[in-house]
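Got the viewer open? Here is a short tour, one selection at a time.

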Amino acid sequence: ARYFYKKIPNDIKEKYIKINQICNKYNVPVAAAALQFSYSNKLISSMLIGIDRINQIKKNILYLKHPIPKDLWNELIEKKIIDQRCPL
């Protein structure tokens, strides 16, 4: 796995591991949480998603529709992974 085309810095890797553990707890793919988190802010008018195959488009649509419990977002806030002011 890469981060900005380089090795993932330890602090980013640790944050991802925490997010992954929380998502697994609620049976939510990390990609679904990431897409919906980005999409939730109505002040943002566009979201670009890297895709190069038709199945990625289909997956992204499913991720945008995947149910995410409010408790997942609350836990991410409690663990200070996302800011409590973020619109969700």
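## The whole chain first

Start with a cartoon view of everything: the protein has 4 helices and 2 strands. Keep in mind that this is a predicted model. Colour it from the N terminus onward and you'll meet the elements in the order β-β-α-α-α-α. Measured out along its principal axes, the C-alpha trace spans about 35 × 30 × 25 Å.

## Stop one: H2 against H3

Now select residues 30-40, which is helix H2, and residues 54-65, which is helix H3. What angle do H2 and H3 pack at? It is about 70°, and their axes are 8 Å apart. That makes H2 roughly perpendicular to H3.

Next, switch on side chains where these helices touch. On the H2 side, pick Ala31, Ala32, Leu35, Gln36 and Tyr39. Their partners in H3 are Asn60, Tyr63, Leu64 and Lys65. Colour that contact by class and you get 6 nonpolar, 2 polar and 1 charged residues.

## Stop two: the largest pocket

Turn on a surface and look for the largest pocket, with a volume of about 330 Å³. To find its centre, select Tyr16, Ile19, Val30, Ala34 and Phe37, the closest to that point of the 13 residues in the lining.

Which helices each supply at least two residues of this lining? Select 10-25 for helix H1, add H2, then add 70-78 for helix H4. H2 gives the most, with 5 residues. Colouring the lining by class shows 11 nonpolar residues, plus 1 polar and 1 charged.

## Stop three: a salt bridge

Side chains of opposite charge can pair when their charged atoms come close. Here the count comes to 4 salt bridges. For one of them, select glutamate 75 and lysine 25, whose side chains meet at 3.0 Å, N to O. Glutamate 75 lies in helix H4 and lysine 25 in helix H1, so this pair ties together parts that are 50 residues apart in sequence.

To finish, show H1, H2 and H4 together once more, and see how each of them supplies at least two residues to the lining of the largest pocket.

Notes:
Residues are numbered from 1 along each chain as its sequence is written. This is a predicted model: local features need pLDDT of at least 70, side-chain atom pairs count only at pLDDT 80 or more; totals for chains, interfaces and linings use all residues. Side-chain values use heavy atoms; hydrogens and water are left out. Axes are lines fitted to C-alpha atoms, for helices over the stretch in contact, and angles run from 0 to 180 degrees between N-to-C directions. Angles under 35 degrees count as roughly parallel, over 145 as roughly antiparallel, 65 to 115 as roughly perpendicular and the rest as oblique. Contact means heavy atoms within 4.5 Å. Ala, Val, Leu, Ile, Met, Phe, Trp, Tyr, Cys and Pro count as nonpolar, Asp, Glu, Lys and Arg as charged, and the others, Gly among them, as polar. On a 1 Å grid over the protein atoms alone, a cavity is a set of points where a 1.4 Å probe fits but cannot get out, and a pocket is an open set with protein on both sides within 12 Å along at least five of seven lines; lining residues have an atom within 4 Å of a point. Grid points are joined across faces, edges and corners, and a volume is the space filled by probe spheres set on the points.
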